[in-house]
Amino acid sequence: MQHRSLLTMVTLLCLLGLGGCATWFKPPVTPGEPEQSVIARLGQPAVSIPDGNTHLLNYPGGSFGQYAYMARIGPDGLLISYTQVWTLQNFQAIKIGQDSKDDVLRRVGLPTEVKRYARIPYEAWNYGFKESGVWNSQMSVYFDDQGIVNNVQGGPDPRFENGDRRF
């Protein structure tokens with residue numbers, strides 16, 4: 001009898017979990033939709049970033065998210081594009097010695113975390129992302145005190161390291 005009630009409980013939890021996924025199965029936002037419609041569907045963005053005569057609505061993946069999306073809204077208030085921005089290509093396009101914090105925000109949005117390391121005199125914006133859709137990776141973008149990119153460095157995401165090095 002206990003086995004049956006445990007099975008029932010697990011089944012109910014799975015069904016409740018799938019209910020939360022219902023929004024995943026909605027069609028994505030499409031170019032031409034008004035900004036109000038995009039926000040109604042996706043929720044409030046974490047930040048709106050000006051970019052010339054357009055602006056970007058940033059939807060980061062949260063503390064353990066590995067994907068972030070940007071909705072580009074045109075001067076007419078209509079959606080131009082909606083793309084996943086935490087990609088190796090976008091991180092590689094960041095220009096060392098040239099790009100500012102604003103440039104990085106426009107390219108990849110808000111970081112997963114911001115740190116100031118004791119041994120190096122730079123602020124690091126860390127982005128935990130799924131490299132090539134497979135690897136749990138972290139890209140760190142280092143800024144000098146003037147807010148200019150000093151280095152971009154990738155490696156494994158420490159949030160997913162288990163600490164057991166026997167394997």
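**View 1. A polar contact links Glu35 and His55.** In this predicted model, the side chains of Glu35 and His55 meet in a polar contact of 3.0 Å. Glu35 belongs to helix α2, which covers residues 35–42. Take a moment to look around Glu35: apart from its neighbours within four places in sequence, it is in contact with His55, Leu57, Ile73 and Gly77.

**View 2. Glu35 is buried without a salt bridge.** Staying with Glu35, we can now look for charged company. The nearest side chain of opposite charge belongs to Arg72, and it is 12 Å away. Glu35 has no salt bridge, yet it is buried. The polar contact with the side chain of His55 appears here again.

**View 3. Four strands make an open sheet.** Here the strands follow the order β5-β6-β7-β8, and their pairing is antiparallel. At the edges stand β5 (113–116) and β8 (149–156); each has a single partner strand, so one side of each is left without a neighbour in the sheet. On average, neighbouring strands of this sheet are turned by 25° against each other, direction ignored.

**View 4. Strands β6 and β7 are joined by nine bridges.** Let us move in on this antiparallel pair, where β6 spans residues 123–131 and β7 spans residues 135–143. A handy place to start is Asn126, which stands opposite Ser140 in β7.

**View 5. Helix α4 lies across β6, β7 and β8.** This helix is made up of residues 101–108. If you follow α4 alongside β6, you will find the helix running at about 15° to that strand.

Technical notes
Residues are numbered from 1 along each chain as its sequence is written. This is a predicted model: local features need pLDDT of at least 70, side-chain atom pairs count only at pLDDT 80 or more; totals for chains, interfaces and linings use all residues. Side-chain values use heavy atoms; hydrogens and water are left out. Two strands pair if DSSP finds at least two bridges between them. Helices (H or I, at least four residues) and strands (E, at least two) are DSSP runs, numbered from the N terminus. Axes are lines fitted to C-alpha atoms, for helices over the stretch in contact, and angles run from 0 to 180 degrees between N-to-C directions. Contact means heavy atoms within 4.5 Å. Buried means under 20% relative accessible area, exposed over 50%, partly exposed in between (1.4 Å probe, protein chains only). Lys and Arg count as positive and Asp and Glu as negative; His and the chain ends are not counted. A salt bridge is a side-chain nitrogen of Lys or Arg within 4 Å of a carboxyl oxygen of Asp or Glu. A polar contact is a pair of N or O atoms within 3.5 Å; within protein, one must be able to donate a hydrogen and the other to accept it, and residues adjacent in sequence count only if both atoms are side-chain atoms.
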